[in-house]
Every structure is written in C-alpha cells, then in structure tokens.
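Me: I'm new to this one and would like to learn how to read it. Could you walk me through it feature by feature?

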Amino acid sequence: MRAKQIPSSLTRSKSPILLIVFIISLIFLSFLFFLSAPSDPTRSSSRPYPHLPIRPETSFVASLEHFLTRKSPNHDRTSDDTVRTVLEDDVGRFDERKFAKEMDWVHGEPYYPLSMPIRVYVYEMPTKFTYDLLWLFRNTYRDTSNLTSNGSPVHRLIEQHSIDYWLWADLIAPASERLLKNVVRVDMQEEADLFYVPFFTTISFFLLEKQQWKALYREALKWVTDQPAWKRSEGRDHIFPIHHPWSFKSVRRYVKNAIWLLPDMDSTGNWYKPGQVSLEKDLILPYVPNVDLCDRKCLSESESKRTTLLFFRGRLKRNAGGKIRSKLVAELTTAKDIVIEDGTAGEGGKAAAQKGMRRSIFCLSPAGDTPSSARLFDAIVSGCIPVIISDELELPFEGILDYRKIAIFVSSTDAVQPGWLLRFLKGISSTQIREMRKNLAEYSRHFVYSSPARPLGPEDLVWRMMAGKLVNIKLHTRRSQRLVKESRNVCTCDCRRGNITGSNPLS
C-alpha cells in the first residue's frame, strides 16, 4: 500500500515554521537547564581578579590605610621564622634540600635558571620590624611639623622612599588579587630563587629615637643572618630594601653581599662605602612621585598652558654632587621664561611643584645630595621633559627603558656656562618636544607604584631586572658552598692525621 503523498509545496511551506519552533524550544530548554543547574562554588574564583578594586590605589597613605585596617593579620600574632640557634647541620640539610630542588628544575624546566616566574620567599619577621612600624607611620603621618635637619618633612620623605611597602604588599597579597605574573610567593624556602626581607628601614630611621633604631637594626641583622638560607648563600640571594641613603647605615657592612634596593649608586662615596654597592648585585628603584599623575587627558588639556620654558622647585643648596644647584641658580634666576623656586616637599610644596611642572615644557633635574633627585620622577609623571644635569647618575631600569626618548641629558660643565643651557633648550624643535611629551605619556606608567601592582609598573620592572641577576647569584652561592665544604673536608683529614695547626688550608 502506497503511503499518502504530501504536496511538495505544503512541505516547503511548513519546514521553516517547524525549524523556528524547534530552535526556540531548544533555547528555552537550555535556559531552564542553566537555571536549574547547581551553582559552581569555584565559578567566582575562576574569574580573573574577582576582588580587584576598580582602580588601583596609587596614594601611599590611602593604600596603607586599607592595608592595615583590612588586610593586616591579628596584631597579637607572634609566630615567625625566627631561628634561635643555628647549627651547621641545619645549614647543611637546607643546602641539600635546596640543591635537590634546583636539580629538579634543571631537568624539568628548559629555561631554568632564566625561567619565569621568579620564586620569592617572604620572611615572616616579628611585627616590630614590619606591622608595628607601618602603624607608627599611619598614626603619626599628619604631624608634618616633624622636619629633618635640612627642613624636609619627615613623613613626605618616607612616602618618597616607600618602595619597601609597595613591593611587600604586592608579594603577600592573595594570588587572586595580584596582577603580576612574573613573580610568585612560595611557602617553602627550598623552592625560592630569592628571599625578601620586609624590614622598614626608612620608617624606623626617621620615626624612632637614635638609640631605638640602632638597637632595632642590630636585632633585624641578627634575625636575618641567623636564618639557614642566609648562611647558605652568605646573603647573596636576599633582598634588602635600603632606599633612603641614611637608612640601615650602622649595620650595612654586615649585609654587603645582599641585593640592595637603592635610589642610586652614589658614586660620590658620601653615603655608601666602597665595595658595598654595585650595578652587578644591586638594583636602582625610582622614588615614589610626590605629585599626581598627569594622564593623557591631563597632558592634552595642559599643552596650551605650558608657557614656562624651564621650571625647578626644591632645595637650592645641597651637599656633595648637589652643589651644582647653587651654580645653576646663579646662572638662571634672572632669565626670562624660567622659574626657579626654593621649597620643600610638604603639602604646600607639592601643590606648587605640581602646578609649576604642568605649566612648563622642561623641568630641571640636577643632582641632589646623591646623584639622583626625586624631582626627576615628579617631572616624568607631570609630562614635563626632564633636563638631567648629573654626570654620575645611574637610572632605574636603564637596561629596559630608553631615557633618551623622554629626557634631555646635559653635562654639568656645559650647564653652568653663561647662556649655554638657555640657548640649547630654545634650539629644541617643537616637533621633538611633542614627540618626547607623547613618550612621557607612555613611560609614566613605569614610575607609578600602585596596589595592586600593575604590569609594566615599577614593581613589575623590579622583577624583570632581578631575573637577569639570578644566574650570577646562583653561581656565587654554589661556589661559596663548594669552598666552605672543601675547607671543612681538608680540616677533617688534617685533624685525623693529628695535624691540628689552625691555619687556613686554602690560604
């Protein structure tokens, strides 16, 4: 029996309708399934940075307030990594575990020891070295009448050198709140490439009495140097934030092998003794800017207002390499379209400096007491082209950043010649000025610390630069361990033969 034939025209007319009904039904069923499906407890944590603030905080005071009131642990916590008595066996056992882990990396990671991310172990020091000092600053920072001997507000100086806070706050933040991927915090010391020492040397120097900070420095020194990891490497893989040239000065000689985070190399020899600092082992970090960032919109709006050719506001008389300031003042004070002001970094000084820099094409950046000056970084984030007059200056992240695109370098000899600097600056074309200002808008991100730390920010560049030091650090650590072990072996053999002379067999 033949099947009943359906007219082809009717089939064609119903097919699109059936298809549409089928698709709508499928969508509806999928929607119901989605609503009835059990919630995934990991869904929120799988979102990138779920607890990240909408806008990273760049104010030290505001960030610190949030950190202490919401993130700091119980203030009564006493647990830490303190080693009371370190035996040679402790160091030996740690060295064996560390070497075994490194061999795993050699066989398992094709780019080791240049592989990323860098693994950092952050010491959990007693709170008197960390949280207590942060609370001390937080509870006293409004006291701007507290001045240094040269008239600079103490708490403003601490903010300018607060790199120890920004790095530490990022390292100890939960992984879900961190943006940086080139550095991770590890929980086991043998897994670490580097060890971070979170001691706030600048705060303690400025806010404690002399005998107090000297005693605290000695306690911190003993605490760190008693760690097996320190004894294994003699401190070569340990990072010390010593960003203010006066901080930690009384005990620096005992940690000269460690990696120091510095404002510059101070080739004058006034702040660091010969052999203490070097580009090979240490890292230069930018000051924390004392003015607000002038972003692209700000730069566009301020361009027509930049009528001052050259601007400088700061202490006109400095020591050592900074003596060139008085010579420049004598040369430039009466010149047209140039503003030279004496002032400090207090609240009024900040407002005046910010206003002046945003109205200027060039900003003078001569040496301070050391070859560097905080005004260099204030100028960069203000969109004011820095004119650097500091013959011995080593710049932060110079191996990564090309400062020729954003700054003018002038020798001190040329700068003090009558009329020379003014003629030179006036000779720079408007095209070059626009290009350099455009580059400043791009480069400014490298000098603005924030919480959370952002990719390509100064915290990020620290670890990129640090990666280049790892091979040399590991080489010297392994070599020192080999020499120590050979020395002990020779001594043991001599003692067994009855040859106890007390002399150094390697000498």
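Reply: Happy to. Let's begin with vocabulary: helices (H or I, at least four residues) and strands (E, at least two) are DSSP runs, numbered from the N terminus. Residues are numbered from 1 along each chain as its sequence is written. Also, this is a predicted model, where local features need pLDDT of at least 70, side-chain atom pairs count only at pLDDT 80 or more, and totals for chains, interfaces and linings use all residues, while side-chain values use heavy atoms, with hydrogens and water left out.

Me: How many helices and strands are there in the chain?

Reply: The chain has 19 helices and eleven strands. To try out the numbering, look for Ser365, which is found in strand β9.

Me: Is Ser365 buried or exposed?

Reply: The general idea goes like this: buried means under 20% relative accessible area, exposed over 50%, and partly exposed in between (1.4 Å probe, protein chains only). Ser365 has a relative accessible area of 4%, so it's buried. Across the whole chain of 507 residues, 49% count as buried.

Me: Which residues does Ser365 touch?

Reply: Contact means heavy atoms within 4.5 Å. Not counting residues up to four places away in sequence, Ser365 touches Ser373, Leu376, Val387, Ile388 and Ile389. You can also compare sequence with space: Ser365 and Arg313 are 52 residues apart in sequence, and their C-alpha atoms are 9.7 Å apart. For the chain as a whole, take contacts between residues at least 6 apart in sequence: 74% of them join residues at least 24 apart.

Me: Let me try two other serines. Where are Ser390 and Ser247?

Reply: Ser390 is found in the loop between β10 and β11 (408-409). With a relative accessible area of 13%, Ser390 is buried. Leaving aside neighbours within four places in sequence, its contacts are Ala367, Pro371 and Val410.

Ser247 lies in the loop between β4 (238-241) and β5 (259-262). Its relative accessible area is 0%, so Ser247 is buried. With neighbours within four places again set aside, Ser247 is in contact with Thr201, Thr202, Tyr217, Ile242 and Arg252. Tyr217 is 30 residues from Ser247 along the chain, and their C-alpha atoms are separated by 9.4 Å.

Me: Now a whole helix. How many residues of α14 are buried?

Reply: Eight of its eight, so to speak a mostly covered helix. Among them are Arg375, Leu376, Phe377 and Asp378. Just after α14 comes Gly383, with a positive phi near 75 degrees. Helix α7 (residues 163-171) is another mostly covered one, with nine of its nine residues buried, including Tyr165, Trp166 and Trp168.

Me: How many disulfides are there?

Reply: A disulfide is a pair of cysteine sulfur atoms within 2.5 Å. By this rule there are two. If you number the bonded cysteines in sequence order, the pairing reads 1-2, 3-4.

Cys294 and Cys298 form a disulfide with their sulfur atoms 2.0 Å apart. The angle about that S-S bond is -95 degrees, and the link is left-handed. Cys294 and Cys298 are both buried.

Cys363 and Cys384 form a disulfide too, with sulfur atoms 2.1 Å apart. Here the torsion about the S-S bond is about 105 degrees, so the disulfide is right-handed. Cys363 lies in strand β9 (residues 360-366) and Cys384 in the loop between α14 (375-382) and β10 (385-389), so the pair ties together parts that are 21 residues apart in sequence. Both cysteines, Cys363 and Cys384, are buried.

Me: Last one: how much space lies in the largest pocket?

Reply: On a 1 Å grid over the protein atoms alone, a pocket is an open set of points where a 1.4 Å probe fits, with protein on both sides within 12 Å along at least five of seven lines; lining residues have an atom within 4 Å of a point. Grid points are joined across faces, edges and corners, and a volume is the space filled by probe spheres set on the points. Here the largest pocket holds about 870 Å³. It is lined by 37 residues, and the closest to its centre are Thr58, Val291, Asp292, Leu293 and Val448.

Me: Which element gives the largest share of that lining?

Reply: That's α6, with four residues.
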